[in-house]
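Please open the model in your viewer and keep the sequence panel beside it. The stops below take you from one selection to the next.

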Amino acid sequence: MATQLIKPFKNPQNLPSVTRLMTTSKRVQDRSQQKRVHALEIAVEKHKIASKILFLLELLKQEPEQVIPIRSLDQHRRQLSLPKPHKISDFIRKSPKLFEMYKDQRGTTWVGLTAKGEELVEEEERLIAENEGKAVEHVTRLLMMSVNKILPLDKIAHFRRDLGLPYDFRKHWVHKYPDCFRVLKDEDDVEFLKLVSWNPCWSVTEVEKKVTGITKAENHVPGRLSLAFPMKFPPDYKKVYRYGGQIENFQKREYLSPYADAKELKAGSVEFDKRAIAVMHEVLSFMNEKRLITDHLTHFRREFVMPQKLMRILLKHFGIFYVSERGKRFSVFLTEAYDGSELIEKCPLVVWKEKVVSLTGYRGRKKKIETFDDMDDFVDNDLFESDSEDENTIRIDQSFKEEDDTMTDVEDELVTQISEMDIGEVQRAYNDT
């Protein structure tokens, strides 16, 4: 399907703009470096190792002969997390089952795939093709949750590998399903994906499916829900009983389905924040590993009508989500999906990824991962109420402000993070009292 051009416009999504005044609210879970979920921190370390290998596989896959001069990899040190003086060649030599190096007549060192590496690349392409139907469903459901049923293609690219989309999905894949969505361009040639048809069966949330057992509902109309979110605490977490009543009250509160129209919700209200939890739960449920880089999620605040201080909600509701601050970028997990450091249900692409990692000798540096031994007391009304910032100072209007800078197409490239995702700021917030 050919890309359709539309008339110039500044705000193709007609998104609500959020105006926020600065406050000194300190309502953030007080979690020190000694209070981590050990098993999920291990999962983060495994992902960091895998991301290096998968990035290199993807670079080679793009080359016509699947080989590249090793000196050309120097420009990708940030994505590989191999700062100087670490040698890229040493990193490659640790995975001889996947990569091989050789010198040409001019003395230039090249790196390419072994026969096993080529086999794995072909296997991934086959699995992505087999997973295509599920990927179409999840992309469509993301559009269905968005306030105006339209999302920037750059932002969907953040989720490319997490959703199992092919590398060139922008050029071909997005045009293969004109009955579900189509591509639009604005005056600056920025591409957007727009929902074409609403599928009632796909407006049933993952929580509804688990609680009610309904998987298909052709006449389903999304509305208000009063379903509890699954929660999982670390086995050595000892203070749940101290605010168990608050958890129960929070779980009983009604909220608007992520697929229902949220334009009239008042920012800062309890309902507004609880719907945001439902949206984040739904998005994480779509991901192959039920985890995301947190700034990928926060880039969708306007499109999904979520609070500015999204990180605070993730931290407060630690029984539903777990945030790891390891490395340069935070990760958020859907806790119900994990048993220790392992996913309970693994899709074929996750199994493939684990197979790739098992063939590498690279295991990263040994780091001390502190255990989650116990939690400090919390201010009772902080955990399950909305932020005072949102309640007192946030308002939504229909004016449009330019969007935050978006990422490039390569997911693991470091980016300048939006203000509330600044790692230093959030780490200070952990220690606020």
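**First selection: helix α5**

In this predicted model, the buried residues of α5 are E132, A135, V136, E137, H138, V139, T140, R141, L142, L143, M144 and M145, where buried means under 20% relative accessible area, exposed over 50% and partly exposed in between, with a 1.4 Å probe and protein chains only. Helices (H or I, at least four residues) and strands (E, at least two) are DSSP runs numbered from the N terminus. Select residues 132-145 for the whole of α5, of whose 14 residues 12 are buried, so that the helix is largely enclosed by the rest of the structure. The C-alpha atoms at its two ends are 20 Å apart, which agrees with the 20 Å that 14 residues should span at 1.5 Å a residue; the expected span is 1.5 Å times one less than the number of residues.

Before moving on, note how the model is to be read. Residues are numbered from 1 along each chain as its sequence is written, and side-chain values use heavy atoms, with hydrogens and water left out. Because the model is predicted, local features need pLDDT of at least 70 and side-chain atom pairs count only at pLDDT 80 or more, whereas totals for chains, interfaces and linings use all residues.

**Helix α10 and two residues to select with it**

Select residues 270-286 next, which form helix α10; its end C-alpha atoms lie 25 Å apart, in agreement with the 24 Å that its 17 residues should span at 1.5 Å a residue. Of those 17 residues 15 are buried, so α10 too is largely enclosed by the rest of the structure.

Now add E206, which is placed in helix α8 (residues 206-212) and is buried, with a relative accessible area of 18%. Leaving aside residues up to four places away in sequence, E206 touches R141, E282, S285 and F286, a contact being heavy atoms within 4.5 Å. Its side chain also makes a polar contact of 3.1 Å with the side chain of K209; such a contact is a pair of N or O atoms within 3.5 Å, of which, within protein, one must be able to donate a hydrogen and the other to accept it, and residues adjacent in sequence count only if both atoms are side-chain atoms.

F159 is the next residue to select, in the loop between α6 (153-158) and α7 (160-163); at 0% relative accessibility, F159 counts as buried. Residues up to four places away in sequence again aside, F159 touches L142, V283, M287, L292, H296 and F300. F159 and L292 are 133 residues apart along the chain, yet their C-alpha atoms are separated by 8.3 Å.

**Paired strands**

Select β8 (residues 191-195), a strand with 4 of its 5 residues buried, so that it is largely enclosed by the rest of the structure. Two strands pair if DSSP finds at least two bridges between them. Strand β6 (residues 150-152) runs antiparallel to β8 and is joined to it by 3 bridges, with K194 in β8 as the bridge partner of I150. Strand β7 (residues 181-185) also pairs with β8 in the antiparallel sense, over 5 bridges, and here L184 stands opposite F192. In the hairpin that β7 and β8 form, with 5 residues between them, the turn residue D189 has a positive phi of about 65 degrees.

**Backbone details**

Most residues other than glycine have a negative phi, and most peptide bonds are trans. Select K84 and P85, which are joined by a cis peptide bond with omega of about 10 degrees; P85 is in the loop between α2 (77-80) and α3 (88-93). K290 has a positive phi near 55 degrees although it is a residue other than glycine, and is found in the loop between α10 and β11 (291-293). V305, also not a glycine, has a positive phi of about 50 degrees and counts as buried at 5% relative accessibility.

**Last view: colour by confidence**

The chain averages a pLDDT of 77, and 73% of the residues score at least 70, pLDDT being the predictor's confidence in each residue, from 0 to 100. Over residues 369-433 the pLDDT is below 50, although this stretch has 202 contacts in the model beyond near neighbours in sequence.
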